[in-house]
Amino acid sequence: KEIDTDIKYVSYSNYRKKEYRVMTIIGKSKVIKKAADISAVKHINQINENLETLKKYNVDLIENFEKNKFVSDFIKTERFDVELSKVNNLEEFIKKINILRVIYEKEIIDFKDIKESDLKLCIRNYDKEKLKKLHFVKKAYIDLIPKNIFIVNGRIKVFDQEWVEQNIPLEYIYYRLILNTPVALNKFGKKELFDIFNLSDYIDLFKALEEDLRNKIFDMEMHDIFFRSYSTLN
């Protein structure tokens, strides 16, 4: 029989490790995000800390934290990545994403001032001369990318800030921004965008950072079931 509910959509990240599994429930007017496993409650609380810290960057938070879950109004405005997908001019695209520079570049630090022990292993093992040419940020909001942002009346409204990394190249955030805005990739070309943001010489490092993040988050056996293509029934 028909169920009396306003739920329109549910996502459940069960290819992650249990401590990072999150459920998102979208209703007619509200969106709820909560732990999908009891061991992920700590992660939900960490997301709240990430969001609270972001307040100092003069952004608006969409989600309200209530009893180990996030509740937010359903935003009818187009997400920033959808807005960017309608831009046909490369200069206009760069101009629009410049609104994020103020946040990205807030805590720039000199590479020589970072203790080696405070760097991820893949950075420690990387060419030191090349690293000196990068711009590092003390606290990198690597999920602060267009698909997790709304721009409303010139204000940045953010959600879904799960991952914050310490002592990470600023250029890596732009790498993630570009890869997670596929329409821009198709319109303007990967090489062109990578060159504009000085990324081309560091793709191997950025891929290593992505792999490090995947290894941290994913239950690889479950991940393979979801995303690997199999050519045989077995």
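# Two sheets, two cavities and a buried glutamate

Hi everyone. Strand β10 (residues 155–158) and β9 pair in the antiparallel sense, with 4 bridges between them. One of those pairings puts Ile149 opposite Val158, its bridge partner in β10. Before I go on, a reminder that what we have here is a predicted model.

Let me stay with that pair for a moment and show you the sheet around it. It is an open sheet of 3 strands, in the order β4-β10-β9, and its pairing is mixed. Why is one side of β4 and of β9 left without a neighbour in the sheet? Both strands, β4 and β9 (149–152), stand at the edges and have a single partner strand each, so one side stays without a neighbour.

While we are at β9, have a look at Thr77. You will find Thr77 in the loop between β6 and α2 (80–85). Along the chain, Thr77 and Phe150 are 73 residues apart, yet their C-alpha atoms are separated by 7.2 Å. Leaving out residues up to four places away in sequence, Thr77 touches Phe150, Ile151 and Val152. Is Thr77 buried or exposed? Neither, quite: its relative accessible area is 37%, so Thr77 counts as partly exposed.

Now to the other sheet. This one is open as well, with 5 strands in the order β1-β2-β3-β6-β5 and antiparallel pairing. At its edges are β1 (9–12) and β5, each of which pairs on one side only. As a general reminder, strands of a sheet pair through backbone hydrogen bonds, in either a parallel or an antiparallel way.

Walking through the sheet, strand β2 (residues 22–26) runs antiparallel to β3, and 5 bridges join them. Ile25 has Ile32 as its bridge partner in β3. Next along, strand β3 (residues 30–35) pairs with strand β6 (residues 69–73), again in the antiparallel sense and over 5 bridges. Here Val31 is matched with Ser72 in β6.

Then we reach β5, which pairs with β6 in the antiparallel sense over 2 bridges. In this pair, Phe65 stands opposite Phe70 of β6. The two strands, β5 and β6, form a hairpin with 3 residues between them. If you like checking backbone angles, go to Lys67 in the turn, where phi is positive, at about 50°.

Just before that hairpin comes the residue I wanted to show you, Glu63. Where is Glu63 found? Its place is the loop between β4 (60–61) and β5 (64–65). The relative accessibility of Glu63 is 10%, and because buried means under 20%, Glu63 counts as buried.

So what does Glu63 touch, if we skip residues up to four places away in sequence? The list is Lys33, Leu51, Phe70, Val71, Ser72, Phe159 and Asp160. Two polar details are worth picking out. The side chains of Glu63 and Lys33 are joined by a polar contact of 3.5 Å. On top of that, a polar atom of the Glu63 side chain lies 3.3 Å from the backbone nitrogen of Asp160.

Last topic: empty space. In general terms, rolling a probe the size of a water molecule over the atoms shows where such space is left. How many cavities of 30 Å³ or more does a search of the whole structure find? The search finds 2.

The largest cavity has a volume of about 60 Å³. Its lining is made up of Tyr57, Ile103, Tyr104, Lys106, Glu107, Val137, Lys139, Ala140, Tyr141 and Ile173. Two elements, α4 (101–104) and β8 (136–141), give two or more residues to that lining. The largest share comes from β8, with 4 residues. By class, the lining has 7 nonpolar and 3 charged residues, and no polar ones.

The second largest cavity holds about 30 Å³ of space. Lining it are Lys120, Ile142, Glu165, Ile168, Tyr172, Leu209, Asp212 and Leu213. Here the elements giving two or more residues are β11 (164–169) and α10 (203–217). With 3 residues, α10 provides the largest share. The classes in this lining come to 5 nonpolar, no polar and 3 charged.

If you want one thing to open on your own screens, go back to Glu63: a buried residue in the loop between β4 and β5, with its side chain in polar contact with that of Lys33. Thanks, and I'm happy to take questions.

Technical notes
Residues are numbered from 1 along each chain as its sequence is written. This is a predicted model: local features need pLDDT of at least 70, side-chain atom pairs count only at pLDDT 80 or more; totals for chains, interfaces and linings use all residues. Side-chain values use heavy atoms; hydrogens and water are left out. Buried means under 20% relative accessible area, exposed over 50%, partly exposed in between (1.4 Å probe, protein chains only). A polar contact is a pair of N or O atoms within 3.5 Å; within protein, one must be able to donate a hydrogen and the other to accept it, and residues adjacent in sequence count only if both atoms are side-chain atoms. Contact means heavy atoms within 4.5 Å. Two strands pair if DSSP finds at least two bridges between them. On a 1 Å grid over the protein atoms alone, a cavity is a set of points where a 1.4 Å probe fits but cannot get out, and a pocket is an open set with protein on both sides within 12 Å along at least five of seven lines; lining residues have an atom within 4 Å of a point. Grid points are joined across faces, edges and corners, and a volume is the space filled by probe spheres set on the points. Ala, Val, Leu, Ile, Met, Phe, Trp, Tyr, Cys and Pro count as nonpolar, Asp, Glu, Lys and Arg as charged, and the others, Gly among them, as polar.
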